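Student: I should like a close look at a single part of this model. Please take the nonpolar core as the subject and then relate it to the surface.

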Amino acid sequence: QRAYALARAEQTVDLAARTVRVDRIELVETPDPDHAVFDVVTGKGVYMRSLARDMAAALGTVGHVAALRRLAVGPFGETEAIPLDKFRTLGHSAVPQEYLLSVGAALAGIPAISLTEAEARRLQQGRPIAALPVASRSSLTQAACGGVVYAMACGRPVALAQVRGGEIRPLRILNL
């Protein structure tokens, strides 16, 4: 069960500690003695409310999050966001091209590999392909092993895949 569901049901939630990546915590302002505004940059899976609680505990006090605003997710920041009032005016109509990003933009943070048409067909059929031939002509590095890669053929997206055991195995097929 999700921790928030247990907490809302007033059940005790005991979460195991885990290692997370915090790249930066910057104190932006202190509007009054009881409040502080922080700018935080983290890796995935960091819960801001837990971070605030842990920071307060380390300072020998208690704390909570009064307001939370996400400024970026992966490569996307506020400048790429559609303003809520504009989004509401669009309703169920077709979204103008100016608001759409390419699939490649969404996958920009994932290492890309280039496949032949035969390899692409095999991957799109849900079958694994040998990693060595792809590695010999692509930017497939040791760092990508075990991780997710973005497979492309002739400039078009084919799949999200994982490199494991000398093979590239499809995770999500992209039929675009």
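Tutor: What follows describes the core first, then the salt bridges, and then a nonpolar patch on the surface.

The model is a predicted one. Its largest nonpolar core has 15 residues, and among these Ile113, Leu115, Leu123 and Ile168 touch the most other members. Four elements, helices α5 (117-124) and α6 (131-137) and strands β7 (148-153) and β8 (156-164), each supply at least two residues of this core. Strand β8 gives the most, with 4 residues. As a general matter, nonpolar side chains in soluble globular proteins tend to be buried together.

Leucine 115 shows these contacts in detail. When its neighbours within four places in sequence are left aside, leucine 115 is in contact with Ala120, Leu123, Ile129 and Val134, and also with Arg137, Ala151, Met152 and Ala153.

Two of the elements that supply the core are also joined by a salt bridge. Glutamate 117 pairs with arginine 156, the closest N and O atoms being 3.1 Å apart. This pair links distant parts of the chain, since glutamate 117 is in helix α5 and arginine 156 is in strand β8, 39 residues apart. Glutamate 117 counts as partly exposed because its relative accessibility is 33%, and arginine 156 is likewise partly exposed because its relative accessible area is 29%. Both values fall between the limits of 20% for buried and 50% for exposed.

The structure holds 8 salt bridges. Another of them brings together the side chains of arginine 169 and glutamate 167, at 3.1 Å from N to O. Arginine 169 has 30% relative accessibility and therefore counts as partly exposed; glutamate 167, at 27%, is also partly exposed.

The surface offers a further nonpolar grouping. Val20, Val22, Ile25, Leu27 and Phe38 form a patch there, with about 390 Å² of accessible area together. Strand β1 (residues 22-32) gives the most to this patch, with 3 residues. Valine 20 lies in the loop between α1 (3-8) and β1, and counts as partly exposed because its relative accessibility is 39%.

Charged residues pair in this stretch of sequence as well. The side chains of aspartate 23 and arginine 21 meet in a salt bridge of 2.9 Å, N to O. Aspartate 23 is partly exposed, with a relative accessible area of 44%. In addition, Arg24, Glu26 and Asp39 are linked in a network of salt bridges.

How values were computed: Residues numbered from 1 in each chain as written. Predicted model: local features only at pLDDT ≥ 70, side-chain atom pairs only at ≥ 80, totals over all residues. Heavy atoms only, no water. Patch = residues over 30% accessible without salt bridge, like charges linked within 9 Å, V, L, I, M, F, W, Y side chains within 5 Å. Areas by Shrake-Rupley, 256 points an atom, 1.4 Å probe, with all protein chains shown as cover. Salt bridge = Lys/Arg side-chain N within 4 Å of Asp/Glu carboxyl O. Buried < 20%, exposed > 50% of the residue type's maximum accessible area, 1.4 Å probe, protein only. Core = buried A, V, L, I, M, F, W, Y, C linked by side-chain atoms within 4.5 Å. Contact = heavy atoms within 4.5 Å.
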